[in-house]
Amino acid sequence: HRDLHSFPTRRSSDLLDATLGYGGHAQKLMPRLLPDGLLFAVDVDPLEMPRTEARMRALGYDELTFIPLLMNFTGIRSLLPDAGGGFDCILADLGVSSMQIDNPARGFTYKAEGPLDLRLNPNLGKPASQLLNSLTTPALESLLSEYADEPYARDIAQAIKKRPLPILTTTDLADTVRACLKRVDPKWTKKSLQRTFMALRIAVNQELAVLERFLELLPECLKPGGRVAILSFHSGEDRRVKKSL
């Protein structure tokens with residue numbers, strides 16, 4: 001995680017915010033543009049992207065310098081011709097953003113009831129409820145362990161699969177995990193809830209496979225002397241980023 005102010009400056013700087021989200025990092029990057037520079041900003045969320053673009057336009061960032069694109073960051077190679085063959089700086093803030101968590105209809109939080117969806121792009125793939133109910137107990141245990149380092153992966157997986165009714169909502173899942181941990185180790189309830197939702201989100205969006213592909217593409221997408229900053233929040237992401245250095 002590098003300080004944004006350590007990024008190099010040039011006569012013309014082309015930057016990439018690979019995870020636009022709410023636009024907070026994009027706002028910090030915009031002042032780093034020099035004359036003729038461009039900020040490309042990509043995100044996979046078709047619900048939040050228009051709102052973030054409107055917010056950025058209201059701040060005065062016009063179409064000539066701020067270029068938002070609805071796409072997965074594994075597609076950044078397609079931007080190279082417009083970015084002068086490469087980027088001076090690439091920033092990626094991995095994971096889910098606050099506006100997604102704050103919308104119960106997206107199913108990203110155990111703190112509010114909503115459909116157990118967890119898709120960053122709700123138009124693609126299957127919601128988490130379908131994935132969860134299709135997995136065997138060993139497969140679910142493996143998912144919780146691999147993607148979230150959950151120490152009670154086996155207990156939680158067994159509790160979920162023994163539930164008489166399918167899990168369809170965030171409350172269904174949260175109540176099942178709480179009941180399981182009440183019997184096993186109540187003090188872990190909050191952390192296990194967070195890890196269970198995170199593991200399902202990673203699986204639904206294939207986040208680690210996407211990250212690996214993104215990391216493979218980075219060397220050919222940077223100009224000589226260019227820099228990359230990646231913010232990661234759990235061990236699975238962190239291991240992959242460090243191994244790619």
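## A tour from helix H5 to the largest pocket

Begin by selecting Leu140, Leu143, Leu144 and Ala148, the buried residues of helix H5. Viewed around the axis, they cover an arc of only 95°, which places them on the same side of H5. The structure on display is a predicted model.

**Helix H5 and its ends**

Extend the selection to the whole helix, residues 137-148. The 12 residues of H5, at 1.5 Å a residue, should span 16 Å, and the C-alpha atoms at its ends are indeed 16 Å apart, so the two values agree. Next, display the elements around H5: its buried residues pack against helix H4 (128-134), helix H6 (153-162) and helix H8 (189-205).

At the N-terminal end, select Thr136, which caps H5. A side-chain oxygen of Thr136 lies 3.2 Å from the backbone nitrogen of Ala139. Then move to the other side of the helix in sequence, where Asp149 comes just after H5. Asp149 is found in the loop between H5 and H6, and its phi is near 50°, a positive value in a residue other than glycine. With a relative accessible area of 42%, Asp149 is partly exposed.

**Ile156 in helix H6**

Continue into helix H6 and select Ile156. Is this residue buried or exposed? Ile156 counts as buried, because its relative accessibility is 0%, and the cut-off for that class is under 20%. Show the residues around Ile156: leaving aside neighbours within four places in sequence, Ile156 is in contact with Leu144, Glu150, Val177, Cys180, Leu181, Ser192 and Thr196. Among these contacts, Leu144 leads back to the buried residues of H5. Ile156 and Leu144 are 12 residues apart along the chain, and a distance drawn between their C-alpha atoms reads 8.7 Å.

**Leu118 in the loop between H3 and H4**

Select Leu118, which is placed in the loop between H3 and H4. Like Asp149, Leu118 is a residue other than glycine with a positive phi; for Leu118 the value is near 70°. Leu118 is buried, with a relative accessible area of 0%, whereas Asp149 is partly exposed.

**Asp14 in strand E1**

Now go to strand E1 (residues 14-17) and select Asp14. Asp14 has a relative accessibility of 5% and therefore counts as buried. Which side chain makes a polar contact with the side chain of Asp14? The partner is Lys223, at 3.3 Å. Not counting residues up to four places away in sequence, Asp14 also touches Asp36, Gly37, Leu38, Ala83, Gly84, Gly86, Phe87, Asp88 and Cys89.

**The largest pocket**

Finish at the largest pocket, which holds about 790 Å³ of space. To centre the view, select Thr19, Asp43, Val44, Gly95 and Leu120; of the 38 residues that line the pocket, these lie nearest its centre. Then colour the elements that contribute to the lining. Helix H1 (24-29), strand E2 (38-43), helix H3 (98-101), H8 and helix H9 (207-221) each supply at least two residues. Which of the elements gives the most to this lining? It is H9, with four residues. H8 links this last stop to the start of the tour: H8 supplies residues to the lining of the largest pocket, and the buried residues of H5 pack against H8.

How values were computed:
Residues are numbered from 1 along each chain as its sequence is written. This is a predicted model: local features need pLDDT of at least 70, side-chain atom pairs count only at pLDDT 80 or more; totals for chains, interfaces and linings use all residues. Side-chain values use heavy atoms; hydrogens and water are left out. The expected span of a helix is 1.5 Å times one less than its number of residues. Buried means under 20% relative accessible area, exposed over 50%, partly exposed in between (1.4 Å probe, protein chains only). The arc is that of the directions from the helix axis to the C-beta atoms. Contact means heavy atoms within 4.5 Å. A polar contact is a pair of N or O atoms within 3.5 Å; within protein, one must be able to donate a hydrogen and the other to accept it, and residues adjacent in sequence count only if both atoms are side-chain atoms. On a 1 Å grid over the protein atoms alone, a cavity is a set of points where a 1.4 Å probe fits but cannot get out, and a pocket is an open set with protein on both sides within 12 Å along at least five of seven lines; lining residues have an atom within 4 Å of a point. Grid points are joined across faces, edges and corners, and a volume is the space filled by probe spheres set on the points.
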